[in-house]
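Trainee: I would like to go through this structure with you. Can we start with charged pairs and work outward from there?

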Amino acid sequence: MTSTLSTDDKVDLIHKLNSRIGSDINNLEDAYEFEQELQRKKKQLENCIAHFSNISNTNQTAQLSPTKGLDNDQASAKHSATIRNAEANINQITDIKNKSVNLKTKINEFLSKTESFRDELDKRFSTISKLEGVLLYFKSFEKLDELSRQMKQCRDNEQLIQLYGELKDMCRDNTQVHLAAYTKEYKHYWHNILKENFTKHYEDVLKVLKWPITSASETSQPSKDVLMKFSNLTRYLFIIQEPEDLIPISNLEDLSSGSQTSLPVRIMLRPLKKRFQFHFTGTRQTARIDRPEWFLTQTLTWIKDHRKFVNDHVQPVADKLELSHNVVDEFNNGLISFAAERLHTVLGLYISQGTKGEIADVDAAFAHAVDETLGFHRELQSITGYPLNMALHVLTKAEHFVRWIAVEKKYALTKMDDALESAQWCEPVAAGAGVAVGAALWVPRCADWFISLLKTIEDRYAMLPQPGHRLQFVELQLELIEEWRVRLTQLLGAALRELRPAALLGAGPHALLAVLNAAHYTRTVLLQWAHSLHYLQLHFYRRQFYNFTQQQHRDEEVISADVTVEEEPEETLEKSTTADDSFQSMSINELEFKAKMLALNEMSRQNSVASEPPVTLETVNLYLYLLTNEIQLAESGVFGEAPSLLAHLRDAGLCALCDHILLEFKANIREYKKLKYVHVVSSLKLLIIKYGSQFFLIVLIPYVCRLVEACKLLNLDYDDARRLRSLLMQKPEEAQQMSESLGLSQLEPKHALRILSQRTDIRDIVAPRSVLELF
């Protein structure tokens, strides 16, 4: 039997079978339920077909069998009504579609007929809009003329200010080029008239208020009417603030720290500027260029005298108008600008008059001006509570800043030479500039002077706002430290040449010991400073600048390498050129890193060749040297290699001193044999001769460890040494814990107590004469 189902019906039936039965072909229960469901649907369909067939037969035989038709009337009424409604709806939808097609056809015909008319209407409407714009344009001119006429006839200041506000709004809202220019001209015209009128009245009121304020006029209080008039005029001047294109540009505009000065503040500064120019410019005695402290002090005095009045009577007016003006800062900046312009002129006159011979010592005058400017900045910051860097910007201008660095270096080297040439340079002082409180160290006077010199330079440049300028002063400090190290090296060589056996036992400090202590003290202070916040920030800025320049160099090398590859195709020449360029551009850190990696590669290569590779002493020493150098550079921070070089100088001096002591010991061995420790040394010599250096190390290590711990006790801080000594005498258990925390494990408590008693700062009468008796 051929199936009459379509392909879609078959696919639908298969899908239903798969969803009901699934992949389990033995699931007969689900198959039986699905069969029963299909049987029920089949019976329903057969009943419906039979029912509709009965209805049609009943309608045909209703006349022949009226009794049976009456039985099925109610059943077929609903079905007949539904069919009729559906047919009516179909007919209605068809009519609507036909009407829609007809309407679209009529609309298209109408649009095609009226297209020319609509184009004409668009042209006329555009003409009307242009005419309206022209009418509005002329009305704007008419309104400007009306405002101008009203302002000419107006006698009330409040109404005049209101009309000027409308004029400002028109100028801001107009976008047409010619109308905007015309409105701006009107605004400038009326601004100049109002400014001249209100400025005249404002100056009259300031004269009544006895402005500028002096100490003699502070007792007389102005009347309320005068203050009210002053407040109103100040408000008017704030409202008619000058347009940006009319604000005068100062010669030192780049020195200002913020927004432009408001109009009332500029008027209040005029009499002060006249006084400043009268006293501190020209040929008057007060205008001497070698006395910059005169106009700087006068500027500070004016700021102190006027800031209260400005804050009480001018700032509230700006606050009521909701203006973002800090009037006190504007007034202070105006006064400081007078001093900054004069300072800029004075510093320039030093160079010109120095070449003419009118100033005996130009560098001294310049240094004096710098000192006064820095003092002015500190005093100004204490008055205002925040830094105003306008005066410092004058010093950091390129021509002045280069001269400042040169003068600082010149006088620093002079002071360094004077300190070392002084007869007191090797005398000890109680404590230096960088020593911790409570520590008693033997610091040579020259080292204390040098650290004080570096600290003074730091205090002078620490207030500079730009990190780049401070980094240049750090470079100056590094140059001075290098000069100091060179001079100490020269003194060390001279002291070693003049060293005699009895020189160290003579009265007074020896030059060799002073040089060693000066190098050690300078290195210690530099390491302490390297971990301070000031130098850590400068170290960060220096690293950032270094990374930036290195990246630029790498980019340039990549570009140059590309060009070289195109121009020189030969491999040998290319490799040699690249190697030379990379070697020349290699920094110290990169060189150390490459050397370390070469040492490690050599060790790994030897490990791969033999099971027990012979590690050469040179490779280990190279690695340890590089690692130690890297750690020292990390600890020294911004000072770089300066502490390491000073430590090398100190160690070289100590080695030379030790050689001198050994030579002196060998020369006088017979006299030293009376002491106990000489017998130990003699025994060690015999053991070395008999058993070699291996046994020598085994026997000598305990003595060396005790000697190292004794040195720790002798160099311990004052507070820790005193506390440990008291615990050793009173509480031995706590003293043992403190000794372990300090790394003291070889010395016995009684020996540690005797060593501490050797210190000059905590010694007593019963202390032994020599530490050597302990060994």
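Trainee: In this predicted model, how far apart, N to O, are the side chains of arginine 235 and glutamate 158 in their salt bridge?
Mentor: A salt bridge here is a side-chain nitrogen of Lys or Arg within 4 Å of a carboxyl oxygen of Asp or Glu. Arginine 235 and glutamate 158 meet in one, and the N to O distance is 2.4 Å.

Trainee: Which helices does this pair link?
Mentor: Helices are DSSP runs of H or I with at least four residues, strands are E runs of at least two, and both are numbered from the N terminus. The two residues sit 77 residues apart in the chain. Arginine 235 is in helix H7, and glutamate 158 is in helix H5.

Trainee: What ground rules apply to the numbers?
Mentor: Residues are numbered from 1 along each chain as its sequence is written, and side-chain values use heavy atoms, leaving out hydrogens and water. The model is predicted, with local features needing pLDDT of at least 70, side-chain atom pairs counting only at pLDDT 80 or more, and totals for chains, interfaces and linings using all residues.

Trainee: Are arginine 235 and glutamate 158 buried, partly exposed or exposed?
Mentor: Buried means under 20% relative accessible area, exposed over 50%, and partly exposed in between, with a 1.4 Å probe and protein chains only. Arginine 235 has 24%. Glutamate 158 has 36%. By those cut-offs arginine 235 is partly exposed, and glutamate 158 is also partly exposed.

Trainee: Which residue forms a salt bridge with aspartate 417?
Mentor: The closest N and O atoms of the pair are 2.7 Å apart. Aspartate 417 lies in helix H14 and its partner in helix H16, so parts 70 residues apart in sequence are tied together. Aspartate 417 is partly exposed at 27%, while its partner is buried at 17%. That partner is arginine 487.

Trainee: Which helix holds arginine 542, the partner of glutamate 475?
Mentor: The closest N and O atoms of this salt bridge are 3.1 Å apart. Glutamate 475 is in helix H16, and the two residues lie 67 residues apart in sequence. Arginine 542 is partly exposed at 28%, and glutamate 475 is partly exposed at 35%. Arginine 542 lies in helix H18, residues 533-567.

Trainee: How many salt bridges does a search of the whole structure find?
Mentor: Side chains of opposite charge can pair when their charged atoms come close. The search of the whole structure gives 23.

Trainee: Is serine 262 buried or exposed?
Mentor: Serine 262 sits in the loop between helix H7 and helix H8. Contact means heavy atoms within 4.5 Å. Leaving aside residues up to four places away in sequence, serine 262 touches Phe238, Gln241, His325 and Glu330. Its relative accessibility is 0%, so serine 262 is buried.

Trainee: What distance separates the end C-alpha atoms of helix H6?
Mentor: The expected span of a helix is 1.5 Å times one less than its number of residues. Helix H6 has 32 residues, so it should span 46 Å. The end C-alpha atoms agree with that, at 45 Å.

Trainee: How far does helix H15 reach from its first C-alpha to its last?
Mentor: Helix H15 covers residues 445-461, 17 in number. Its buried residues include Phe450, Leu453, Leu454 and Ile457. The expected span is 24 Å, and the reach is close to that, at 25 Å.

Trainee: How far apart in space are glycine 375 and leucine 296?
Mentor: Glycine 375 is in helix H12 and is partly exposed at 26%. The two residues are 79 residues apart in sequence. C-alpha to C-alpha, the distance is 9.4 Å.

Trainee: What is the mean pLDDT of the protein?
Mentor: pLDDT is the predictor's confidence in each residue, from 0 to 100. Of the residues, 73% reach 70 or more. Over residues 62-71, though, pLDDT is below 50, and it stays under 50 over residues 676-701. The mean for the protein is 76.

Trainee: What share of the protein's 775 residues count as buried?
Mentor: The secondary structure comes to 28 helices and two strands. Among contacts between residues at least 6 apart in sequence, 69% join residues at least 24 apart. The buried share of the residues is 32%.
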